[in-house]
Amino acid sequence: MKALALAMLFAAAPDPGYWDGMKAVIQQHLGRPYVWGSTGLKSFDCSGFVWRVLYDNGILIKRTTARKLYMSLKPVSPNEQWQGGNIVFFDNMKHCGIVNARDTFFHAESRKGTNLSHFQPYWGRKVCGFRKLK
């Protein structure tokens, strides 16, 4: 039984090149409209977009809200926060996206749909936490 549980853990863990795979999937879904509660393939909400990118990369997590997603992922040390592939949370856990670099992130925004946004000036002041997959 322990061997099966261990095998499932490793199967769900991202491989070292997971960020390249995530970026490829993100590119496929950019420009889609925002629809609350949607997980794709034609439209997304913020947590649905994050879920779809992870799912399409073989990282199986329960589809949930941004707040519950935050609680289920591993904490990030302050020096790793801006690493590509980390999940960033905003507005008291009401919104989430995927860090691209120190200055940008991918997300599903209600007015623009799925896009690449800059943290500054608007989003930077709304950041409330980061989580990682690996």
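# A tour from one loop to the core

D91 sits in the loop between β2 and β3. That loop is a good place to begin a walk through this predicted model. The protein chain has 134 residues, of which 43% count as buried. Its secondary structure comes to four helices and six strands, and from the N terminus on the elements run α-α-α-α-β-β-β-β-β-β. The points below start in the loop, move to the helices and end with two cysteines.

**The loop between β2 and β3**

- D91 is not a glycine, yet its phi is positive, at about 50°.
- With a relative accessible area of 34%, D91 is partly exposed.
- M93 is found in the loop between β2 and β3 as well, and this residue, again not a glycine, has a positive phi of about 70°.
- Is M93 buried or exposed? M93 has a relative accessible area of 13%, so it is buried.

**The fold as a whole**

- Take the contacts in the protein chain between residues at least 6 apart in sequence: 51% of them join residues at least 24 apart.
- One pair to look for in the structure is M22 and V53, which are 31 residues apart in sequence but have C-alpha atoms 6.1 Å apart in space.

**Helices α2 and α3 side by side**

- Helix α2 covers residues 18–29 and helix α3 covers residues 46–56; the two pack at an angle of about 130°, with their axes 9 Å apart.
- How are α2 and α3 oriented to each other? An angle of about 130° falls outside the range of 65 to 115 degrees for roughly perpendicular and is not over 145, the limit for roughly antiparallel, so α2 and α3 are oblique to each other.
- The crossing of these two helices, α2 and α3, is right-handed.
- On the α2 side, the contact is made by M22, V25, I26 and H29, and on the α3 side by F49, R52, V53, L54 and D56.
- Sorted by character, the residues of this contact between α2 and α3 are six nonpolar, one polar and two charged.

**M22, a residue of α2**

- M22 lies in helix α2, and its relative accessible area is 0%, so M22 is buried.
- Which residues does M22 touch, leaving aside neighbours within four places in sequence? M22 is in contact with V53, L54, N57, G85, I98 and L133.

**α3, an enclosed helix**

- Nine of the eleven residues of α3 are buried, so this helix is largely enclosed by the rest of the structure.
- The buried residues of α3 are C46, S47, G48, F49, V50, W51, R52, V53 and L54.
- What covers these buried residues of α3 includes the helices α2 and α4 (66–72).
- Strands are part of the cover too: β2 (87–90), β3 (95–101), β4 (104–109) and β5 (113–118) are included.

**The loop between α2 and α3**

- V35 has its place in the loop between α2 and α3, and at 38% relative accessibility V35 counts as partly exposed.
- V35 and D45 are ten residues apart along the chain, and their C-alpha atoms are separated by 5.4 Å.
- Not counting residues up to four places away in sequence, V35 touches S43, F44 and D45.
- L41 is found in the loop between α2 and α3 too, and the peptide bond leading to L41 from G40 is cis, with omega near 5°.

**Another cis peptide bond**

- Q120 and P121 are joined by a cis peptide bond whose omega is about 5°.
- P121 lies in the loop between β5 and β6 (127–132).

**Two cysteines without a bond**

- A disulfide is a covalent bond between the sulfur atoms of two cysteines.
- How many disulfides does the count come to? The count comes to zero disulfides.
- C46 is in no disulfide, and the nearest cysteine sulfur, that of C96, is 4.1 Å away.
- Why is there no bond between C96 and C46? The sulfur of C96 is 4.1 Å from that of C46, too far for a bond, since a disulfide needs the two sulfur atoms within 2.5 Å.
- C46 counts as buried at 7% relative accessibility, and C96 counts as buried at 0%.

Terms used:
Residues are numbered from 1 along each chain as its sequence is written. This is a predicted model: local features need pLDDT of at least 70, side-chain atom pairs count only at pLDDT 80 or more; totals for chains, interfaces and linings use all residues. Side-chain values use heavy atoms; hydrogens and water are left out. Axes are lines fitted to C-alpha atoms, for helices over the stretch in contact, and angles run from 0 to 180 degrees between N-to-C directions. Angles under 35 degrees count as roughly parallel, over 145 as roughly antiparallel, 65 to 115 as roughly perpendicular and the rest as oblique. A crossing is left-handed if the near helix is turned anticlockwise from the far one by less than a right angle, and right-handed if clockwise. Contact means heavy atoms within 4.5 Å. Ala, Val, Leu, Ile, Met, Phe, Trp, Tyr, Cys and Pro count as nonpolar, Asp, Glu, Lys and Arg as charged, and the others, Gly among them, as polar. Buried means under 20% relative accessible area, exposed over 50%, partly exposed in between (1.4 Å probe, protein chains only).
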